Protein chains: 2
Amino acid sequence: VTRWRLLLEYDGTGLVGWQRQTNGRSVQQAVEEAVERFSGETVTVVAAGRTDAGVHALGQVAHFDLTRPSEPDTVRDAVNFYLKPEAIGVLEASVVDDAFHARFDAVERSYRYRILNRAAPATLTRDRVWFVPVPLDAEAMRRAARVLVGRHDFTTFRSAECQSKSPLKTLDELDVVRSGEEIVIEARAPSFLHNQVRRMVGSLKLIGDGKWHAADLAAALAARDGTRSGPTAQAAGLYLVSVRY
Amino acid sequence: VTRWRLLLEYDGTGLVGWQRQTNGRSVQQAVEEAVERFSGETVTVVAAGRTDAGVHALGQVAHFDLTRPSEPDTVRDAVNFYLKPEAIGVLEASVVDDAFHARFDAVERSYRYRILNRAAPATLTRDRVWFVPVPLDAEAMRRAARVLVGRHDFTTFRSAECQSKSPLKTLDELDVVRSGEEIVIEARAPSFLHNQVRRMVGSLKLIGDGKWHAADLAAALAARDGTRSGPTAQAAGLYLVSVRY
């Protein structure tokens, strides 16, 4: 048996997210079916991050096992061939140690969130950004974001469906940068709670449009109360950028 | 009567191009209908560049006349409102001199062409790039492109349907830069022949994959023969970036 690692990129639009669901097409199902059509073997594909419906990936990592040997470029090209016409691509395929686990061995996840902050709605970036027409103060968002960096109880920013045993997480980076008409938020941590990035972004947006001050964000964090978060930012602006092992 | 100028951005996917056609929805029709629904007036909207089906715009410029006065931000927001759900956006609306003509007064057009040059097909940039899996030598393309800069008879690179009176055009810039997995080509000229950018890009691609040398490109140009061009690069990778007056 050979354990394979895939580096995956996908457009989450119209998909129900990474994990198999009964209510629509998932990235997991699409990748498993493509591997099965190529290899003739039944596989389970395990990913580093179980992205939600509509969330994109630039560098998702996944693993699965195959009995018969293949060349890395063959696996990459064949899986890409059978993935058509899905907007899911294998950037790299590589053989890894039998013990490698895409989810449990990951030591850091990096996410990006893109806000389109201008008067005109998204056209070429539709389904790729959160469109916010009211002018946001990115510098105020950047300063306030520091409050969330570090080891905290992030109960305020977890969804009701979050399955994590503990709400204690260490946030290593939460940066906010304006790049022309976009505000880009980079978040990096060993792991995140369910909806944590989207709730942090929804809360930072309240700072950006002046509804909240930095102290309100600190108070929301300290409250450890899910009802104290800003709204959950929409899925379309979120990208799983990379996973570190 | 007030003459209005619009700065427009659009996703050309699924549209028949700028100009009204009987076989599908055009950008012109969508913008004219949105202006008419807002103003109650019948208008003709004239654009700087009549982009083809599937071609995108980051900075198309257009003009039209309205009898009743309005504020610029009102025109921008109202036209955007009535453009929904089209992937067409008004970035700016402004009042211009009665004599302003979006097409005839333009002194320079800038186009960008994006090639995705990697093994995996486009996912998040699908319909936004030309996917070329074979590795291209961007530096060779950049050097060869110099042959086309300047004042030349571009008959080789015009389509059979080109309505321009003369094939003589001055190409001020044709730059090729690799940016990660993408090769980006920037072209700038007072005006272009029909399909000129896409034919130049299709020819440069032959340089990039080693089928042509720079001398072949020079010979193709000198031949002034449409059958000597490389293939026409697909519409999805082309963007009208800006128009100068």
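Buried means under 20% relative accessible area, exposed means over 50%, and partly exposed lies in between. The exercises below apply to a predicted model.

**Exercise 1.** Classify A:R76 and A:D77 by burial, and state what links their side chains.

Solution.
- A:R76 has 17% relative accessibility, so A:R76 is buried.
- A:D77 has 38% relative accessibility and therefore counts as partly exposed.
- A salt bridge joins the two side chains, at 2.9 Å from N to O.

**Exercise 2.** Find which parts of chain A are tied together by the pair A:E108 and A:R188.

Solution.
- The closest N and O atoms of A:E108 and A:R188 are 3.1 Å apart, and the pair forms a salt bridge.
- A:E108 belongs to strand β5 (residues 108–116) and A:R188 to strand β10 (residues 182–189), so the pair ties together parts 80 residues apart in sequence.
- A:E108 is buried at 11%, while A:R188 is partly exposed at 26%.
- Through shared partners, salt bridges join A:E108, A:R188, A:E173 and A:R244 into one network.

**Exercise 3.** Check the length of helix α1 of chain B against its expected span, then describe its surroundings.

Solution.
- Helix α1 (residues 27–39) has 13 residues; at 1.5 Å a residue it should span 18 Å, and its end C-alpha atoms are 18 Å apart, which agrees.
- Among the buried residues of α1(B) are B:V27, B:V31 and B:V35.
- The buried residues of this helix pack against β1, β3, α2 and β4 of chain B.
- B:E32, buried at 4%, forms a salt bridge with B:R20 at 2.7 Å between the closest N and O atoms.
- After the helix comes B:G40, with a positive phi near 75°.

Technical notes: Residues are numbered from 1 along each chain as its sequence is written. Chains are lettered from A and ligands numbered from 1 in the order in which they are written. This is a predicted model: local features need pLDDT of at least 70, side-chain atom pairs count only at pLDDT 80 or more; totals for chains, interfaces and linings use all residues. Side-chain values use heavy atoms; hydrogens and water are left out. Helices (H or I, at least four residues) and strands (E, at least two) are DSSP runs, numbered from the N terminus. The expected span of a helix is 1.5 Å times one less than its number of residues. Buried means under 20% relative accessible area, exposed over 50%, partly exposed in between (1.4 Å probe, protein chains only). Contact means heavy atoms within 4.5 Å. A salt bridge is a side-chain nitrogen of Lys or Arg within 4 Å of a carboxyl oxygen of Asp or Glu.
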